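Biologist: Got a minute to go through this model with me? I'd like to start with one residue and then move on to the salt bridges.

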Amino acid sequence: MLTTLWLSILHFAFINAFTEATGAAALSFAPHSLSFKRNVRETAELYGCENSLKGVEEYRRSAGLESSSLKCFEAARISAILIDDGLKLDTKHDIEWHRSLAPFVGRILRIETFAEEILDSEIPDGWTLDKFTEAFVRNLRSVADKIVGLKSIAAYRSGLEINTNVATKDAEEGLSEVLRGGNPTRIVNKSFIDYIFTLSLEVALSFDLPLQIHTGFGDKDLDLRLSNPLHLRMLLEDERFSKCRIVLLHASYPFSKEASYLASVYPQVYLDFGLAVPKLSVQGMISSVKELLELAPVKKVMFSTDGYAFPETYFLGAKKARECLFSVLRDACIDGDLTLAEAVEAAKDIFALNATMFYKINVDVNAFSSKDTVSVNPVKINSRALENSSSLVRVMWVDTSGQHRCRAVPVKRFGDIVRKNGVGLTHASMGMSSAADSPADESGLTGVGEIRLMPDITTRKKIP
């Protein structure tokens with residue numbers, strides 16, 4: 001079972017499915033990034049169309065939204081969609097429309113957007129801080145039982161150094177500044193954002209709702225320097241909110257180590273690695289998830305696709321998350337951090353159980369068998385080698401003189417490279433005689449040039 005965060009529906013330029021870049025100039029370079037090339041290729045493979053952005057666009061135009069959505073979600077095998085409907089799109093399908101795509105669909109409420117909608121409503125005598133506070137808390141409480149969590153994008157507006165003790169005077173001045181900006185309202189005043197954030201935490205605490213916080217990278221509206229989760233110290237040290245459940249989104253990339261540290265020392269902090277997967281290169285995704293797990297308890301790390309606006313983003317997030325986490329957990333087994341059984345348990349936690357408990361999602365995770373969590377094209381692991389702590393794999397062959405020969409490679413290199421690409425041998429290796437450690441006379445085989453020896457996995461045997 002998988003869970004995912006964010007929204008699904010259309011009307012961005014399709015190129016935005018594969019990049020966080022905005023503006024014509026930045027978008028012109030986006031197709032030259034590693035993740036873009038990989039994601040377009042894997043989407044084309046799913047659709048069986050030409051391997052190009054144009055080919056994918058033509059397929060989805062001819063197939064239609066519902067058909068391409070079903071294809072993507074069937075391949076992704078997602079069990080829950082949590083929709084942040086504060087994302088501004090030209091067109092959105094409602095929550096009911098999404099129920100055909102996953103067993104569970106829930107709403108995430110974006111608090112800054114919620115406050116802006118309240119301020120855009122007309123009141124006869126004008127807004128005061130007391131009137132706003134009463135309206136915001138009342139409206140938030142009225143929908144608290146209809147949502148699965150709250151979300152803040154304070155990182156985009158004023159940064160993560162949240163002051164949970166904003167003075168009334170500062171909040172009033174912040175509200176006045178916001179109101180002077182006119183309609184539609186856009187809240188950017190730091191004191192007022194911090195005030196809204198604190199009100200939301202109080203409601204979240206009373207209804208036992210979790211709070212998502214955007215951290216790390218995003219589009220260029222964000223000041224990345226202010227999106228480091230270490231700025232949240234004042235909030236995390238505030239005893240009033242010590243029992244809140246907070247999840248840091250997007251692996252906090254490039255601050256993944258900082259996020260891992262926070263999750264290890266603050267009981268209320270959890271981590272989510274959506275967006276970093278699949279928007280980074282393969283090695284970038286792997287290193288980011290590895291950094292999250294350097295200190296953070298496995299029980300506090302969660303998967304999401306960070307899918308939004310395009311069904312392809314859900315498919316890519318799910319596919320690369322499986323492959324990336326497999327690589328990370330496999331290496332943890334090889335390094336001795338985990339046993340194979342512990343790695344399997346960690347995968348279940350990260351892909352299903354942690355999010356199910358964190359968001360209180362009503363999905364029977366036991367209904368999903370282990371085969372449902374395997375990638376469409378899985379990379380297999382030599383489980384017996386890991387289970388028995390083997391360190392080497394010997395690739396053996398019989399040469400033309402009838403002698404057994406072998407090449408020994410580290411088990412990690414075998415799994416990463418040799419299993420798929422074989423092991424290199426010089427031409428001379430195939431012409432060795434039984435009488436001398438050199439190629440047979442007149443064989444024409446020398447130490448120049450290479451052949452590839454591909455292992456036959458079905459012949460694998462454990463040896464002392």
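Biologist: Where does S287 sit?
Modeller: S287 is in helix α14, residues 282-295; helices here are DSSP runs of H or I, at least four residues, and strands are E runs of at least two, numbered from the N terminus. This is a predicted model, where local features need pLDDT of at least 70 and side-chain atom pairs 80 or more, while totals for chains, interfaces and linings use all residues. Residues are numbered from 1 along each chain as its sequence is written, and side-chain values use heavy atoms, without hydrogens or water.

Biologist: Is S287 buried or exposed?
Modeller: S287 is partly exposed, because its relative accessibility is 33%; buried means under 20%, exposed over 50%, and partly exposed in between, with a 1.4 Å probe and protein chains only.

Biologist: And what does its side chain reach?
Modeller: The backbone oxygen of G284, at 3.0 Å.

Biologist: Switching topic, how many salt bridges are there?
Modeller: The structure holds 29, counting a side-chain nitrogen of Lys or Arg within 4 Å of a carboxyl oxygen of Asp or Glu.

Biologist: Which residue does D331 pair with?
Modeller: K290, with the closest N and O atoms 2.9 Å apart. D331 lies in helix α15 (residues 311-335) and K290 in helix α14, so the bridge ties together parts 41 residues apart in sequence.

Biologist: Which residues are in the network with those two?
Modeller: R330, K412 and D416 join K290 and D331 through salt bridges that share partners.

Biologist: How buried is D331?
Modeller: D331 has a relative accessible area of 4%, so it counts as buried, whereas K290 is partly exposed at 32%.

Technical notes:
Polar contact = N/O pair within 3.5 Å; in protein donor to acceptor, adjacent residues only side chain to side chain.
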